[in-house]
Amino acid sequence: MSTDTARARALELADYLAPLGEITVSRFFGGAGLSINQLQFGFVIKGTLYLRVDDKSRPVFEKLGCEPFRYATKAKTVTVASYYQVPAAMEDDPEALLDWVSRLRRGTLA
């Protein structure tokens, strides 16, 4: 997926999440970052939406079989444990995604 395609997907997701506030989409490595009030809460890379997690929300993502963001370098694979993919079915369900991100931002995702 190209950077332009990732940006288009991020803009679509920003529309879904607009009730949360003004969502900005910016370049983020090979994809597109999603921010509210200048705080990045997620990004789209290679067609996958990743959301920022904390110690409280990470187990919820893991229980649902979601994976952390990973990328390969020449020497190793790096795992970024602060961002997890959203459940696949949720990514295409605007209402469920809005609820999920809203609860995640409030710290009530459990």
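Colleague: Which are the buried residues of α1?

Modeller: Happy to help: this is a predicted model, where local features need pLDDT of at least 70 and side-chain atom pairs pLDDT 80 or more, while totals for chains, interfaces and linings use all residues. Residues are numbered from 1 along each chain as its sequence is written, and side-chain values use heavy atoms, without hydrogens or water. Taking buried as under 20% relative accessible area and exposed as over 50% (1.4 Å probe, protein chains only), the buried residues of α1 are A6, R9, A10, L13 and A14.

Colleague: Where around α1 do they sit?

Modeller: The buried set is A6, R9, A10, L13 and A14. Because they cover an arc of only 145° around the axis (taken from the directions to the C-beta atoms), they lie on the same side of α1.

Colleague: And which residues are exposed on the other side of α1?

Modeller: α1 is a helix of 14 residues, a DSSP run of H or I with at least four residues, and it reaches 20 Å from its first C-alpha to its last. On the side of α1 away from the buried residues, the exposed ones are D4 and D15.

Colleague: What covers the buried residues of α1?

Modeller: Contact here means heavy atoms within 4.5 Å, and strands are E runs of at least two residues. The cover includes two helices, α3 and α4. It also includes the strands β1 (23-28), β2 (31-36), β3 and β4.

Colleague: Which residues of α4 are buried?

Modeller: α4 has 13 residues and reaches 18 Å from its first C-alpha to its last. Its buried residues pack against α1 (3-16), β3, β4 (48-52), α2 (58-63) and α3 (88-91). They are L97, W100, V101, S102 and L104.

Colleague: What phi does G107 take, just after α4?

Modeller: G107 follows directly on α4. The phi of G107 is positive, at about 80°.

Colleague: Why does Q40 count as buried?

Modeller: Q40 belongs to strand β3. Leaving out residues up to four places away in sequence, Q40 touches F28, G33, L34, S35, R52 and Y83. Q40 counts as buried because its relative accessibility is 19%.

Colleague: Which residues lie nearest the centre of the largest pocket?

Modeller: β3 (39-45) and α4 (94-106) each supply at least two residues of this pocket's lining. A pocket is an open set of 1 Å grid points, over the protein atoms alone, where a 1.4 Å probe fits with protein on both sides within 12 Å along at least five of seven lines; lining residues have an atom within 4 Å of a point. Of the 15 residues lining the largest pocket, those nearest its centre are F41, R52, V53, L104 and R105.

Terms used:
The expected span of a helix is 1.5 Å times one less than its number of residues.
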